[in-house]
Amino acid sequence: MSQTLLGTPDAHATLVAAAPPTPLLSIHDLVVQYRTERGLVDAVRGVSFDVAPGKVTAVVGESGSGKSTVAQSVIGLLAANGRIAGGSITLNERREGPTELVGLSERRWRGLRGRCIGLIPQDPGNSLNPVATIGASVAESLRIHGQKDRRAIRGRVLELLDQVGIDDPVRRAKQYPHEFSGGMRQRVLIATAIANDPELLIADEPTSALDVTVQRTVLDLLDRLRQETGTGLLFITHDLAVAAERADSVVVMRGGAVQEAGPSERVLTRPESEYTRQLMADAPAFGNPGKRERIVVVDVAEGVGSDPEPLISVAAPASPVLEVRELRQEFRGRAELPRSSRSMMCRLRFHVERHTR
Ligand SMILES: Nc1ncnc2c1ncn2[C@@H]1O[C@H](COP(=O)(O)OP(=O)(O)OP(=O)(O)O)[C@@H](O)[C@H]1O
Ligand SMILES: [Mg+2]
């Protein structure tokens, strides 16, 4: 644009400074349908929002509102009976510039998925190959994207496990998923998702299966990675309090549509839609701080092997509501696994206290 049109050079500078940065991801009017025995299900009905580079965009909403369907569309992994019926998803890709993801060929997806977009899936239980070691699972994501040097792969796997806070990576890399706790499996999935330094990370309820302490650790880890690498994060959660604490912007979904979207500070302090207000009223962290009972789990020890290490250790309350002592469970592995990982002992100990506030 010429200076004459804009007036003085100063006016030009102001305009340039005020221009919003190009979004890393732009979703525009996305429509997704599932084919079912009872006909077509409109799971996503005209959703639009952006994810900025290095920022967190949280998508919140009740179960079935279409959050995972949006996430799966962005990484090209919709269920076989799902299809994008309209709209566009543009990724501002580091190497190739703006890339339209809707209608991309499977060949191009194979180059993009994992390298440019990483996914931390909703269910850590089923997402790791039970008969591959943890090290082999993380290495696989490096190999898919062309890494061939075995020594370099091994070094990077150990570095990634260390980066996500797994102690003793050399020993842990040789173990199998059933020898890891839920929180540790979730960290392995994060290691796999970030292995190729993707520009966009999608975390679909990354912590909903975890207890509050491990949840915080995993969310802190994601925050740190984002700050260190500048990765944009599309963070899906049904927990408004978590979104408020972690996200730069919030998209509230209901029935496959966006109810409202904007900077998290604005959406959560001055919600425009009645639905967001209702969600906030229902969320304990935002709701009426009237008299409530709180159940607190303390003194947790869990672990595998004959002598598990305590996870958190707090003095036992005088009159717990529930007390679990040295609960032991033995898991038997598959016959094809090495002898050392065929069976495993898990010990659990915790108390539950009742607080009134
Ligand atoms: N494979 C599928 N076939 C048919 N319908 C589906 C399929 N997957 C999802 N749906 C439907 O699409 C809608 C959106 O589901 P989706 O899993 O995206 O919701 P969600 O917001 O992620 O929910 P949750 O918080 O429970 O994970 C729901 O009505 C769901 O029943
Ligand atoms: Mg979901």
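Two exercises on a predicted model follow, one on a ligand shell and one on a sheet. Residues count from 1 along each chain as its sequence is written, with chains lettered from A and ligands numbered from 1 in the order in which they are written. In this predicted model, local features need pLDDT of at least 70 and side-chain atom pairs count only at pLDDT 80 or more, while totals for chains, interfaces and linings use all residues.

**Exercise 1.** Describe the shell around ligand 1.

Step 1. Take the residues near the ligand (C-beta, placed from the backbone, within 6 Å). There are 16, and Tyr34, Ala43, Ser63, Ser68 and Thr69 come nearest.

Step 2. Sort them by type. Four are nonpolar, 11 polar and one charged. Here Tyr and Ala are among the nonpolar types, Asp, Glu, Lys and Arg are charged, and Gly is among the polar ones.

Step 3. Find the elements, which are DSSP runs numbered from the N terminus (helices H or I, at least four residues; strands E, at least two). E1 (25-36), E2 (39-51) and H3 (67-74) each supply at least two residues. H3 gives the most, three.

**Exercise 2.** Work out the order and edges of the six-stranded sheet.

Step 1. Pair the strands (at least two DSSP bridges between them). The order is E6-E7-E8-E3-E9-E10, in an open sheet with mixed pairing.

Step 2. Find the edges. E6 (117-120) and E10 (257-263) each have a single partner strand, so one side of each lacks a neighbour in the sheet.

Step 3. Check one pair. E7 (residues 200-204) and E8 (residues 232-237) run parallel, joined by five bridges. Ala203 stands opposite Phe235 in E8.
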